[in-house]
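Trainee: Please take one part of this model for a close look, and then explain step by step how the rest of the chain is arranged around it.

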Amino acid sequence: MSTTTILDYWEPGDDPTMVLRYFYFDAEAQLAALSLRQAGVPSFITSSNAQTMLPTGQGWIGLHIRERDFQQAVEILKAADMWEEVAQNEKQKNQYWVLWTLVALLGLFFIGFLIADA
């Protein structure tokens, strides 16, 4: 591993991985990865380039860790004030905004279609 990168690598078959958290900004993801690295928890970041090129605000930058390091990683990010606890009902609200946006756009399309025919 290069000493100029803060990202770690381990063989895919060694340990199962998981996404610890998604970030909106690459710098924030890099800081979280650095905090983990300083505590000895290996991690890597995905989708950083895509989010930088297409800044849609979707939070696609994933910070991946080994599953066995989950509790330690959560404690590290809590200590660095980079962990957000989201209530279950808040998660459900966030899931439906795409559906409601699609319904609204389809409604506007059909209204425009009816007005054009009139």
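Mentor: Let us begin with Asp-81, which is found in the loop between H3 and helix H4 (88-95); helices (H or I, at least four residues) and strands (E, at least two) are DSSP runs, numbered from the N terminus. Please keep in mind that this is a predicted model, in which local features need pLDDT of at least 70 and side-chain atom pairs count only at pLDDT 80 or more, while totals for chains, interfaces and linings use all residues. Residues are numbered from 1 along each chain as its sequence is written, and side-chain values use heavy atoms, with hydrogens and water left out.

Most residues other than glycine have a negative phi. Asp-81 is not a glycine, yet its phi is positive, near 60°. With a relative accessible area of 69%, Asp-81 counts as exposed, where exposed means over 50%, buried under 20% and partly exposed in between (1.4 Å probe, protein chains only).

The loop leads back to helix H3 (residues 70-79), which lies across S1 and S3 and runs at about 20° to S1; such angles run from 0 to 180 degrees between N-to-C directions, with axes fitted to C-alpha atoms, for helices over the stretch in contact (heavy atoms within 4.5 Å).

These strands belong to an open sheet of three, in the order S1-S3-S2, with antiparallel pairing; two strands pair if DSSP finds at least two bridges between them. Strand S1 (17-23) and strand S2 (43-46) are the edges, since each pairs on one side only. Direction ignored, neighbouring strands of the sheet are turned by 30° against each other on average. Helix H1 (residues 26-38) also packs on the sheet, where it touches S1, S2 and S3, and its direction makes about 15° with that of S3.

Looking at the edge S2, we find that four bridges join it to strand S3 (residues 61-66). Phe-44 has His-64 as its bridge partner, and Ile-45 stands opposite Leu-63. One face of S2, with Ser-43 and Ile-45, is covered, whereas the other, with Phe-44 and Thr-46, is uncovered.

Side chains of opposite charge can pair when their charged atoms come close. The structure holds two salt bridges, each being a side-chain nitrogen of Lys or Arg within 4 Å of a carboxyl oxygen of Asp or Glu. In one of them, Arg-66 meets Asp-69 at 3.0 Å, N to O, and both of these residues are buried. In the other, Glu-28 meets Arg-21 at 3.8 Å, N to O; here Glu-28 is partly exposed because its relative accessibility is 26%, while Arg-21, at 12%, is buried.

Farther along is helix H5 (residues 97-117), which contains Leu-99, a residue that counts as partly exposed at 46% relative accessibility. Leu-99 joins Tyr-96, Trp-100 and Val-103 in a nonpolar surface patch with about 450 Å² of accessible area together. Patches are made of residues with over 30% relative accessible area and no salt bridge, like charges being joined within 9 Å and nonpolar side chains (Val, Leu, Ile, Met, Phe, Trp, Tyr) within 5 Å.

Taken as a whole, the chain has five helices and three strands, following the pattern β-α-β-α-β-α-α-α along the sequence, and buried residues make up 25% of its 118 residues.

Technical notes
Areas by Shrake-Rupley, 256 points an atom, 1.4 Å probe, with all protein chains shown as cover.
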